[in-house]
Amino acid sequence: MKTKSNCDCCINYLYDEEYGSYYCQVNLDEDEMLRFITKSFSNCPYFQFNDEYKTVRKQM
């Protein structure tokens, strides 16, 4: 089962200081890029939850 994606929570969604905007670091094909730009990705196959504390929990 795929999780509904939210780019704001994705580890692949990065901020580019030079352009002052966010972008997806995954190499998307033309159709995927259109869905990304129009924010119509409902089940992104590249979504990975950005869990900054995952490493800390492993150390406990």
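Here are some notes on the fold, the strand pair, the aromatic residues and a few local details of this predicted model.

1. Overall layout. The protein has two helices and two strands. Reading from the N terminus, the order is β-β-α-α, with both strands ahead of both helices.

2. Burial and surface. The protein is 60 residues long, and 20% of them count as buried. The exposed area comes to about 5,400 Å²; carbon and sulfur atoms contribute 49% of that. If you look at contacts with a separation of 6 or more, 46% of them link residues 24 or more positions apart.

3. The strand pair. Strand β2 covers residues 21-24, while β1 covers 13-16. The two run antiparallel and are joined by four bridges. For a handy register check, look at Asp-16, which sits opposite Ser-21 in β2. Four residues lie between the strands of this hairpin, and Gly-20 has a positive phi near 70° there.

4. The aromatic residues. Which residues make up the aromatic cluster? Tyr-13, Tyr-15, Tyr-22 and Phe-36 form it together. The count of aromatic pairs is three. One of them is Tyr-13 with Tyr-22, a stacked pair with 5.1 Å from centre to centre and 15° between the planes. That pair counts as stacked because its angle of 15° falls under the 30 degrees cut-off. Is Tyr-13 buried or exposed? Tyr-13 counts as buried because its relative accessibility is 18%, and the limit for buried is under 20%.

5. Asn-12, worth a click. Asn-12 belongs to the segment before β1. Its relative accessibility is 10%, so Asn-12 counts as buried. What does Asn-12 touch, leaving aside residues up to four places away in sequence? The list is Tyr-23, Cys-24, Gln-25, Val-26, Tyr-46 and Gln-48. Two of those names, Tyr-23 and Cys-24, fall within the 21-24 range of β2.

6. Both ends of α1. Helix α1 takes in residues 30-37. Asp-29 caps its N-terminal end, with a side-chain oxygen 3.1 Å from the backbone nitrogen of Asp-31. Phe-36, from the aromatic cluster, falls inside the 30-37 range of this helix. Just after α1 comes Lys-39, where phi is positive at about 55°. If you are going through backbone torsions, the positive phi values to look at include Lys-39 and Gly-20 in the hairpin.

Definitions and conventions. Residues numbered from 1 in each chain as written. Predicted model: local features only at pLDDT ≥ 70, side-chain atom pairs only at ≥ 80, totals over all residues. Heavy atoms only, no water. Buried < 20%, exposed > 50% of the residue type's maximum accessible area, 1.4 Å probe, protein only. Contact = heavy atoms within 4.5 Å. Areas by Shrake-Rupley, 256 points an atom, 1.4 Å probe, with all protein chains shown as cover. Polar contact = N/O pair within 3.5 Å; in protein donor to acceptor, adjacent residues only side chain to side chain. Phe/Tyr/Trp six-rings, centres within 6.5 Å; stacked < 30°, edge-to-face > 60°. Pairing = 2+ DSSP bridges.
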